[in-house]
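Please examine the sequence and the model shown below. The paragraphs that follow lead from one ion pair to the overall fold, and then to individual residues.

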Amino acid sequence: MKHERSMHGVGGLFHGLTALSVLVALLVNYFILGDMVVPWVPKDFLRGMGLAMLIIGCFILKLAMGQIKPAFKKKVLLTDGLYSLCRNPAEGSWIFLVLPGIALLSCRVVMVAPVILQPLIFLYLLPREEAELENEFGDAYRKYREKVPKLIPSSPQYCPLLIRKTDTHFCLLSYLKTIKSPI
């Protein structure tokens, strides 16, 4: 029986292992360290930064998942929008924004551990997902992998703050125009 690739790739396992690392960190913090908080930075500052990171990270995650769903259903390789900036924008939002945001919101020193572990988990799982994509899309995926960075946009042309034209549309600006205003 042929293995069907998941729309989330290794994302389910990635997020499951991340959740487990957060749970272990919180249990260690509570039962071993005695609920150790960050004393040297005002909690309101940490929580404000954490909330901002969490909101931005969730927004990017929602954009990435919204872009991947139609491509997955059509069985096409997604190479535009956020996926023209890096090959793994959903995971990038978790690694650089969502989990660090949660860590800052918690104000717990021990939450640094999952923030450090998460990129390592990602790097461990990524070869499996890339092998599946290469198997499914062949040369098209190999060319895409050579051209687009794995996780971090590597040059100004990939900066998501600079709206640039992709093959078919302005990636972020175009998406924002499609959102129907409730007003």
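With which residue does Arg87 form a salt bridge? In this predicted model, the partner of Arg87 is Glu130, and the closest N and O atoms are 2.6 Å apart. The pair connects distant parts of the chain: Arg87 belongs to the loop between α2 and α3 (89–106), whereas Glu130 lies in helix α4, and 43 residues separate them. Arg87 counts as buried because its relative accessible area, 10%, is under 20%. Glu130 is likewise buried, at 11%.

The structure holds 4 salt bridges. Arg142 takes part in a bridge with Glu134, at 2.7 Å from N to O. Arg142 also pairs with Asp139, where the closest N and O atoms are 2.6 Å apart. Both Arg142 and Asp139 are in helix α5, 3 residues apart, or about one turn of the helix. A network of salt bridges links Glu134, Asp139, Arg142 and Arg145. Two members of this network can be placed by their accessibility: Arg142 is partly exposed at 28%, and Glu134 is partly exposed at 24%.

The overall fold can now be considered. The protein chain contains 6 helices and 0 strands, which gives the pattern α-α-α-α-α-α along the sequence. Of its 183 residues, 36% count as buried. Among contacts between residues at least 6 apart in sequence, 78% join residues at least 24 apart. The accessible surface of the chain comes to about 11,300 Å², and 69% of this belongs to carbon and sulfur atoms.

Part of that surface is a nonpolar patch of about 1,100 Å². Its members include Leu13, Leu17, Leu20, Leu27, Phe31 and Met36. Leu27 is situated in helix α1 (residues 11–31). Because its relative accessibility is 40%, Leu27 counts as partly exposed. Thr18, also located in helix α1, is by contrast buried, with a relative accessible area of 3%. Beyond neighbours within four places in sequence, Thr18 is in contact with Leu99, Gln118 and Ile121.

Other helices supply further reference points. Ile68 is in helix α2 (residues 43–74) and counts as buried at 16% relative accessibility. Its C-alpha atom is separated by 9.6 Å from that of Leu82, which is 14 residues away along the chain. Pro119 is in helix α4 (residues 112–137) and is partly exposed, with a relative accessible area of 26%. The C-alpha atoms of Pro119 and Phe96, 23 residues apart along the chain, are 9.0 Å from each other.

How many disulfides does a search of the whole structure find? The search returns 0. Among the cysteines, Cys86 is buried at 6% relative accessibility, and Cys107 is buried at 1%.

Confidence remains to be discussed. The mean pLDDT of the protein chain is 79, and 77% of its residues reach 70 or more. Among the elements of the chain, helix α5 (residues 139–147) has the highest mean pLDDT, 93, and helix α6 (residues 171–178) the lowest, 46. Over residues 156–183 the pLDDT is below 50, although this stretch has 35 contacts in the model beyond near neighbours in sequence. Where pLDDT is low, the predicted coordinates should not be read in detail.

Technical notes
Residues are numbered from 1 along each chain as its sequence is written. This is a predicted model: local features need pLDDT of at least 70, side-chain atom pairs count only at pLDDT 80 or more; totals for chains, interfaces and linings use all residues. Side-chain values use heavy atoms; hydrogens and water are left out. Patches are made of residues with over 30% relative accessible area and no salt bridge: like charges are joined within 9 Å, nonpolar side chains (Val, Leu, Ile, Met, Phe, Trp, Tyr) within 5 Å. Accessible areas come from the Shrake-Rupley method with a 1.4 Å probe; for residues, only the protein chains shown count as cover. A salt bridge is a side-chain nitrogen of Lys or Arg within 4 Å of a carboxyl oxygen of Asp or Glu. Helices (H or I, at least four residues) and strands (E, at least two) are DSSP runs, numbered from the N terminus. Buried means under 20% relative accessible area, exposed over 50%, partly exposed in between (1.4 Å probe, protein chains only). A disulfide is a pair of cysteine sulfur atoms within 2.5 Å. Contact means heavy atoms within 4.5 Å. pLDDT is the predictor's confidence in each residue, from 0 to 100.
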